[in-house]
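Reader: I should be grateful for a close look at one part of this structure, described in connected prose. Please begin with the sheet and then proceed to whatever adjoins or complements it.

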Amino acid sequence: MSTAISTQAQQAIAERFRTVRQRTLDLCKPLTPEDMMVQSCAEASPAKWHLAHTAWFFESFILNEFLPGYKLFNPDFPWLFNSYYRTFAQFPEKRLRSSFSRPGLDQVLGYRQHVDEGIERLLEAGAEAEVLKRIELGANHEEQHQELLLTDILHAFYTNPLRPAYLKKAGQPGDEELRTSNSQLRHPGHPAKGFVKFEGGLVDVGFSGDGFCYDNELPRHRAFLEPFAIGDRLVTNGEFAEFIADGGYRQPELWLSAGWDALEQNGWRAPLYWNDVDGNWQLFTMHGEIGLDDAMDAPVSHVSYFEADAYARWAGMRLPTEAEWEMAAEGRAIEGNLLDSGELRPSGVAGAGEELKQMWGDCWEWTASAYLGYPGFEPLAGSLGEYNGKFMSGQMVLRGGSCATPKAHIRSSYRNFFQPETRWQFSGIRLVEK
Ligand SMILES: [Fe+2]
């Protein structure tokens, strides 16, 4: 790498680092310190923990290793804010994160500043290529936690009896504005659902190019696809309501065995955040409670893989495989309702057409593919190898990003993954013809 390119790369990564770090703080602006302590379900973490843990990542995997003379902010933080890296340090049980009233928020913010200053010192000194790579990884890690911070807060506010709205704070849209914005989710008539045909054949799957990708997107390899036709948009709330009204949650023949067990154990009869209020569905969102009537054409969200699969069976369709999804998405400009739009909820599409819509943003799309290593998969060296590889059992792949995913974070080869019963993410459904 020439010095000139290196300087340019350093500037780009420095800019990216600062932008990402600032955005995490910005996302916390509507929150009180008390909001930032809530951990309302097993999957979630308190916002304050996300703030600390994302600093921990830069400290543990960059500053400790690469900044000569780096002094830990606090000798307990390396194990206290470790999430799951067993080869790095011990860590507290995840469910205890809401008990971290100490360190206080001011100390956590001080920790972030300490780490930021360390990274800036590394960059000023002219960081080597490996350091730049790790900072990019740290930025991507923090973007993942930005999305988690938002989905965790949505769940936290849902469990609060007052059902506060993340976006109804000062300087955010008020009730009046919200009603207008809701009405924009409705379109005259039901949006037509079309299917876009792909010939299939031998295709390349996985990341290619010079930019950043996670280890689980590699190696790029060939896969054979039969011809397929994929839905040109996501399944809407209105369509999903028909499934509910048709007894979709009462017919075991529509469900996978493990899915029916999950339905019975959890008492599912609608997506997460749907409430039956005197016979009318109310949906809890980042904007507070809205009526289903005001979101009929917005994509259904917060469904598990099991619900997506049962819906597809009821509709006489199936879910796409991740290779099909990637073939359909590759080369398409990344434009859509992502975090950058500020909408923070899935929104409807206007009109019909042959073109694929909502491939980026709105909702993560459950695929029919189990999360496994690609042929020849090699995790990163050292403790960072625990980032993705060790989760390759019992989870399903989701594609395309959501309204809480930063635009800079998503790409056609990006593989998100969750357990099939997971519902607290913005997860939705795109169908493929059988
Ligand atoms: Fe993490």
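**The three-stranded sheet and its surroundings**

Author: In this predicted model, three strands form an open sheet in the order β5-β6-β7, and their pairing is antiparallel. The edges are occupied by β5 (274–277) and β7 (288–291), each of which pairs on one side only. Direction ignored, neighbouring strands of this sheet are turned by 35° against each other on average. Strand β6 (residues 280–285) is joined to β7 by 4 bridges, and the two run antiparallel. Within this pairing, Q282 has G291 of β7 as its bridge partner.

A helix accompanies this sheet. Helix α5 lies across β5 and β6, and runs at about 130° to β6. Helix α5 comprises residues 129–159, 31 residues in total, and spans 45 Å from its first C-alpha to its last, close to the 45 Å expected at 1.5 Å a residue. Of these 31 residues, 25 are buried, so α5 is largely enclosed by the rest of the structure.

The metal site also involves this helix. The iron ion is coordinated through the NE2 atoms of H53, H141 and H145, at 2.2 Å. The spacing of these donor residues in sequence is H-x87-H-x3-H. H53 belongs to helix α2 (residues 47–66), whereas H145 belongs to α5, so the pair ties together parts that are 92 residues apart in sequence. Both H53 and H145 are buried. As to the short spacing, an α-helix has 3.6 residues a turn, so residues three or four places apart point the same way.

Two further elements may be set beside this region. The first is a helix pair. The axes of helix α7 (residues 237–245) and helix α9 (residues 305–314) come within 11 Å and cross at roughly 80°. Helices α7 and α9 are therefore roughly perpendicular to each other. On the α7 side the contact is made by E239, F240, E242 and F243, and on the α9 side by E307, A310, Y311 and W314.

The second is another open sheet, with 4 strands in the order β11-β10-β9-β12 and mixed pairing. Here the edge strands are β11 (416–418) and β12 (427–428), each pairing on one side only. Strand β10 (residues 396–399) pairs with β11 in the antiparallel sense over 3 bridges, and L398 has N416 of β11 as its bridge partner.

How values were computed: Residues are numbered from 1 along each chain as its sequence is written. This is a predicted model: local features need pLDDT of at least 70, side-chain atom pairs count only at pLDDT 80 or more; totals for chains, interfaces and linings use all residues. Side-chain values use heavy atoms; hydrogens and water are left out. The expected span of a helix is 1.5 Å times one less than its number of residues. Buried means under 20% relative accessible area, exposed over 50%, partly exposed in between (1.4 Å probe, protein chains only). Donors are N, O and S atoms within 2.8 Å of the metal (3.2 Å for Na, K and Ca); water is not among the atoms, so sites may look incomplete. Two strands pair if DSSP finds at least two bridges between them. Axes are lines fitted to C-alpha atoms, for helices over the stretch in contact, and angles run from 0 to 180 degrees between N-to-C directions. Contact means heavy atoms within 4.5 Å. Angles under 35 degrees count as roughly parallel, over 145 as roughly antiparallel, 65 to 115 as roughly perpendicular and the rest as oblique.
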